[in-house]
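Trainee: I want a close look at a single part of this model. Please choose one, and set it in the context of the whole chain before going into detail.

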Amino acid sequence: MKFLVLAICLLLLPSPPPQGPPAKAALVLTNVRVYPVSGPPIDGGSVLIENGKIKAVGKSISIPSDAKVLDLSGRVVIPGLIDV
């Protein structure tokens, strides 16, 4: 009987919360012509992508120290069409 009570108590313990996918390193696309959803095009702009989401778009954005930076000079980026 004690074993049954112990087994039931163990089953009722809360389980640890599910863990999401590991965080991805930040990615920065620099020196691009950015066509934002709202506003005029930005020449020489940057796009910051963290954890699969666009975090910042602009001429001068804060770049994390561990970010992978891609210099895409002369290329065009439309953030609304990026599939991260």
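Mentor: Helices and strands here are DSSP runs, numbered from the N terminus, with at least four residues for a helix and at least two for a strand. The model is a predicted one. Read from the N terminus, its elements run α-β-β-β-β-β. That is one helix and five strands. My choice is strand S1, residues 27-34.

First, the whole chain. It has 84 residues, and 19% of them are buried. Take the contacts with a separation of 6 or more: 48% of these join residues 24 or more positions apart. The accessible surface is about 6,500 Å², and carbon and sulfur atoms hold 62% of that.

Now the core. The largest nonpolar core has six residues: Leu-29, Val-32, Val-34, Val-47, Ile-49 and Val-77. Two elements each give two or more residues to this core, strand S1 and strand S2 (42-50). S1 gives the most, with three residues. A further core of five residues lies apart from this one. Among its members are Ala-26, Val-28, Leu-48 and Ala-67.

Val-34 deserves a stop. This residue belongs to the largest core. Leave out residues up to four places away in sequence, and Val-34 still touches Pro-41, Ile-42, Gly-45, Ser-46, Val-47, Val-57, Val-77 and Pro-79. Two of the core members appear in that list, Val-47 and Val-77.

Next, the charged pair. Side chains of opposite charge can pair when their charged atoms come close. A search of the whole structure finds one salt bridge. It joins the side chains of Arg-33 and Asp-43, at 2.5 Å from N to O. Arg-33 sits in strand S1 and Asp-43 in strand S2, so the bridge ties together parts 10 residues apart in sequence. Neither partner is buried. The relative accessible area of Arg-33 is 28%, so Arg-33 is partly exposed, as the class runs from 20% to 50%. Asp-43 is partly exposed as well, at 44%.

Then the backbone. Most residues other than glycine have a negative phi. Asn-31 departs from that, with a positive phi near 55 degrees. This asparagine is found within strand S1. Its relative accessible area is 39%, so Asn-31 counts as partly exposed. Asn-51 is also a non-glycine residue with a positive phi, of about 50 degrees. Asn-51, however, lies in a loop, the one between S2 and strand S3 (53-58). At 46% relative accessibility, Asn-51 is partly exposed.

For contrast, turn to the helix. Val-5 is in helix H1, residues 2-12. Together with Met-1, Leu-4, Ile-8 and Leu-12, Val-5 makes a nonpolar surface patch of about 570 Å². A patch residue needs over 30% relative accessible area. Val-5 has 43%, which means partly exposed.

Back to S1, then. The strand gives three residues to the largest core. Its Arg-33 is paired with Asp-43 of strand S2. Its Asn-31 carries the positive phi.

Definitions and conventions:
Residues are numbered from 1 along each chain as its sequence is written. This is a predicted model: local features need pLDDT of at least 70, side-chain atom pairs count only at pLDDT 80 or more; totals for chains, interfaces and linings use all residues. Side-chain values use heavy atoms; hydrogens and water are left out. Buried means under 20% relative accessible area, exposed over 50%, partly exposed in between (1.4 Å probe, protein chains only). Contact means heavy atoms within 4.5 Å. Accessible areas come from the Shrake-Rupley method with a 1.4 Å probe; for residues, only the protein chains shown count as cover. Patches are made of residues with over 30% relative accessible area and no salt bridge: like charges are joined within 9 Å, nonpolar side chains (Val, Leu, Ile, Met, Phe, Trp, Tyr) within 5 Å. A salt bridge is a side-chain nitrogen of Lys or Arg within 4 Å of a carboxyl oxygen of Asp or Glu. A nonpolar core is a set of buried Ala, Val, Leu, Ile, Met, Phe, Trp, Tyr and Cys residues joined through side-chain atoms within 4.5 Å.
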